[in-house]
Amino acid sequence: MTARDLRRDALHNQQELLRAATRAFHRDGLSIPMASIAAEAGVGIGTLYRHFPTRDELLSHLMHRSFEQVLVNLQVAECEGRNAAERLELFIHSVIDQRSDLVLPLRAGPPVTNTETADLRNRIHEGVQRIIDEGIADMTLRPDTTHDDIVAFGALVTQPRPADPDWISICRRLVTIYLRGIRLVP
């Protein structure tokens, strides 16, 4: 094996570990044994600890990666939406679509302790508030709407529910109803 093959193999193992850990945390909670995560990923426990020496480091990595994706979703929504309500709708729908890949504090994840991850979270909150402020200014959103409202609602409708095939359609309907509630105009 060449050094390049080893690097490719290590990257593959890390990606499998992240996918397995995300599934395991969603399914079994944060206290699932690390050995179970390694087994689900098809690697040895040593490989898991080489990539993530502690559970906290694994969770921190998953949360950081999740916040990065949510920020990308927000940036896309800001560019594609015609108005504030549509931007919020696009943003929430994108998070619903990726719900099974995200490990976030409001969805049974641990609190954010990493400075860079906290910065990502703050950028998301600021971006959501920026959209809300635009909607308040053009009088299309209720003036009492805050980013906390959107974040809390988003956390509710993005819960992974693999055994419920109707969950996505239910969530999309709830988003429509919710956004009607914060709009000032139909």
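**Exercise 1. Place Val 157 in the fold and state whether Val 157 is buried or exposed.**

Solution. Val 157 sits in helix H7, where helices are DSSP runs of H or I with at least four residues, strands are runs of E with at least two, and both are numbered from the N terminus. The model is predicted: local features need pLDDT of at least 70, side-chain atom pairs count only at pLDDT 80 or more, and totals for chains, interfaces and linings use all residues. Residues are numbered from 1 along each chain as its sequence is written, and side-chain values use heavy atoms, with hydrogens and water left out.

Next, take the accessibility. Buried means under 20% relative accessible area, exposed over 50%, and partly exposed in between, with a 1.4 Å probe and protein chains only. Val 157 has 2% relative accessibility and is therefore buried.

Then list the neighbours. With residues up to four places away in sequence left out, Val 157 touches Ile 92, Ile 96, Trp 167, Cys 171, Leu 174 and Val 175; a contact means heavy atoms within 4.5 Å. The C-alpha atoms of Val 157 and Arg 99 are separated by 8.8 Å, with the two positions 58 residues apart along the chain.

**Exercise 2. Classify Cys 79 and Cys 171 by accessibility, then count the disulfides.**

Solution. Cys 79, at 70% relative accessibility, is exposed. Cys 171, at 0%, is buried. A disulfide is taken as a pair of cysteine sulfur atoms within 2.5 Å. The count by this rule is zero.

**Exercise 3. Describe the largest nonpolar core and name the helix that gives the most to this core.**

Solution. A nonpolar core is a set of buried Ala, Val, Leu, Ile, Met, Phe, Trp, Tyr and Cys residues joined through side-chain atoms within 4.5 Å. The largest one has 50 residues, and Ile 37, Leu 58, Leu 88 and Phe 91 have the most contacts inside it. At least two residues each come from H1 (3-28), H2 (34-41), H4 (55-80), H5 (84-97), H6 (115-137), H7 (147-157) and H8 (167-182). H4 gives the most, with nine residues.

Leu 58 touches Leu 18, Ala 21, Phe 25, Met 34, Ile 37, Leu 48 and Phe 52, again leaving out residues up to four places away in sequence.

**Exercise 4. Summarise the whole chain.**

Solution. Start with the secondary structure: eight helices and zero strands. The C-alpha trace spans about 60 × 35 × 30 Å along its principal axes. Of the 186 residues, 41% are buried. Finally, among contacts between residues at least 6 apart in sequence, 69% join residues at least 24 apart.
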